[in-house]
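The following exercises concern side-chain pairing and the nonpolar core. Please study the sequence and the structure before reading the solutions.

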Amino acid sequence: MTHTAQLDWPEGLPFSTAFGDVYFSRDSGLEETRHVFIDGNRLPERFAALAPQQVFTIGETGFGTGLNFLCAWQCFRRHAPPNARLSFVSVEKFPLAAADLRRALALWPELAAEADALCARYVAPPPGWHRFVFDQGRVTLTLIVGEAVPCWQMAEARVDAWFLDGFAPSKNPDMWHDTLFQTMARLARPGASFATFTSAGFVRRGLQAAGFVVEKVPGYGSKREMSRGHYAGGGAQPEWEAPWFAHAPLPAGAERRAVIVGGGVAGAASAWSLANRGWQVALIERHPTLAREGSGNDQGVLYARLSAHDTPLTQLVLAGYRYSLALLQQLLTDRPDDWRQTGVLQLPVDDNDLLKQQALLASGLADGWVEWLDRHAASERAGIELPQGGLFFPQGGWLHPPALARALCDHPGIDVITNTSVLELSQNAADGQWVVSGEQGAIAFGSVVVLAGGADSAAFDCTSHLPLKRIRGQITHLPATADSQALRIVLCHEGYVAPARQGIHTLGASFKFNAEHLLLTAEEHQDNLAMLAAMAPALHAACQADMLDVAHLDGRAGWRCTSPDYLPLIGPVAPMRDFVRAYAPLALDASLKLTEPAPWATGLYVNTAHGSRGMITAPLSGEILAAQIDNEPAPLSAALMQALHPNRFMLRHLMRGKIDPAEYL
């Protein structure tokens, strides 16, 4: 089970009771950070020399109070050109509680602007990858909660400068060893620098053995010596990496113009993340306004059923939940008709579900994000009598998805084109530019195309192999009554019901796997009302549901887009015929470590299959995609990025004999 850092505050300075060490120098932690990490890596001059749109990546081995990050961010603001970007990736085993972080950073008033921005977004995160975005996308922080060595081994990044920080080697020997140094070398860009406060001989020797040139230089204050240097290569041989999950490189000098097809939350998030990186984006939506299909419900809910096991889906949901909350706080704050942080109560469906909820609490995977409420406490929070208690997500709530899509697209770098259907994709052989066409001919051009139109993302020749399926869902618009207005939180069971928005409760949604239309049906309204009766009989009565004419209830039906493993598809596309030809040997021996580069449809990406978890996974998907396109550190672990990769299904089918390579050779 993961806990937040346990601190003492001798003389007003944070001290780790677990490691028996200080977080920063008693002389001047701020000046020591600048001397060791900022000047030790020559950051002012390197930031000033960055090219337009270039990203500089810093990797850190101990986030601590965030002091190093804030100093690097301030230095970047002062010295880097306005269109360069900073990506900061840091690992922390014991993240500080929010109050402790704010107290520690209050010691440095000259960092107040950066510290306030961090503290406004910071809640002590659970284990896993967590992405923060600052300065309108110019600065990103990827905070990884866990052990430094295994977390960095799972990272997908190329690092320009290392902050080799953490508690002293004598206090934290699990971090300071050869595996870490070799991992640093594997992730280092050519010539990457490093700096550390320690000059311990075994640290210097380990870095040298990994291929770093190391020098001892004067330390700060009472610290006589520190170490710094750069990566020169010649260490351990690089590990094999699966080429079918690699980044799909764009041609050198490719124009930074992108076309997004689909104006739901996934498409809007893709556009926003790219525009924040200086891309000019054309977003094409076939309806008159944004978010008219899967993202079109009046109220969407931030919740998902978490497993007690550290599965890819659990990791994705935790990372996405944290990111969505921060994004909503940034874009929809003080807009009560668009975002209400009411809290979400997840009621167990049956005894087996109850056992799963208790196992999740015991696992510690969601510490700080969920709590157990008994029936009395749950009823008090809900404002209405409930038959049982459940898991409560205090930071959760409901949002109006179309408002989020509009807010994401309210960016000077995004041009929204509505009432336009995309019928064809083609690519110019001469310059690699994609041409996106409709009934009247070419609509937009770009070096990148992102298909974010749900199941219709598989409607093109180059994507027709993607195994996308549609599941119908119908919500019921339940008129609020004076009694039902007492509901204060979102209730989830087999479906969900939200507090009233503009006099209407959103109730749903049904699951119909073989439906062929989107007409409202009385049967599904009745199913939704029956679900409400099982979940909250008192609310069912308060809504006078037994007196409603289901044939005349309002509502909305739409398609969920899902994949066979119920994880989204986010990433570059490889045509099936070319993929099978390149990796045909895997059909005979799945263990082969092939090195043939994947035959990408260069510049073509998909972002789809978010299913019923779209309000959690779709906002983060924009950052996932933009990191891939711009070759930045991923906001998730390498294993999870692979679990979301569109190539995963072709790969599995080829390895399991479900594809006959002879048909493609």
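**Exercise 1.** In this predicted model, determine whether Arg 77 is buried, partly exposed or exposed.

*Solution.* The relative accessibility of Arg 77 is 33%. Buried requires under 20% and exposed over 50%, so Arg 77 counts as partly exposed.

**Exercise 2.** Identify the salt-bridge partners of Arg 77 and locate them along the chain.

*Solution.* Step one: Asp 135 pairs with Arg 77, with the closest N and O atoms 2.6 Å apart. Asp 135 sits in the loop between strand E6 (128-134) and strand E7 (139-145), while Arg 77 is in helix H3; the two are 58 residues apart, and the pair links distant parts of the chain.

Step two: Glu 114 also forms a salt bridge with Arg 77, the closest N and O atoms being 2.9 Å apart. Because Arg 77 belongs to helix H3 (residues 67-79) and Glu 114 to helix H5 (residues 112-121), this pair ties together parts that are 37 residues apart in sequence.

Step three: Glu 114 has a relative accessible area of 5%, so it is buried.

**Exercise 3.** Which residues touch the most other members of the largest nonpolar core, and which helix gives this core its largest share?

*Solution.* The core has 164 residues, and Phe 47, Ile 58 and Leu 636 touch the most other members. Helix H10 (residues 312-331) supplies the largest share, 10 residues. A second, separate core holds 25 residues, among them Val 497 and Leu 529.

Turning to Ile 58, and setting aside neighbours within four places in sequence, its contacts include Leu 43, Phe 47, Phe 88 and Val 159.

Definitions and conventions
Residues numbered from 1 in each chain as written. Predicted model: local features only at pLDDT ≥ 70, side-chain atom pairs only at ≥ 80, totals over all residues. Heavy atoms only, no water. Core = buried A, V, L, I, M, F, W, Y, C linked by side-chain atoms within 4.5 Å. Buried < 20%, exposed > 50% of the residue type's maximum accessible area, 1.4 Å probe, protein only. Helix = DSSP H or I, 4+ residues; strand = E, 2+ residues; numbered from the N terminus. Contact = heavy atoms within 4.5 Å. Salt bridge = Lys/Arg side-chain N within 4 Å of Asp/Glu carboxyl O.
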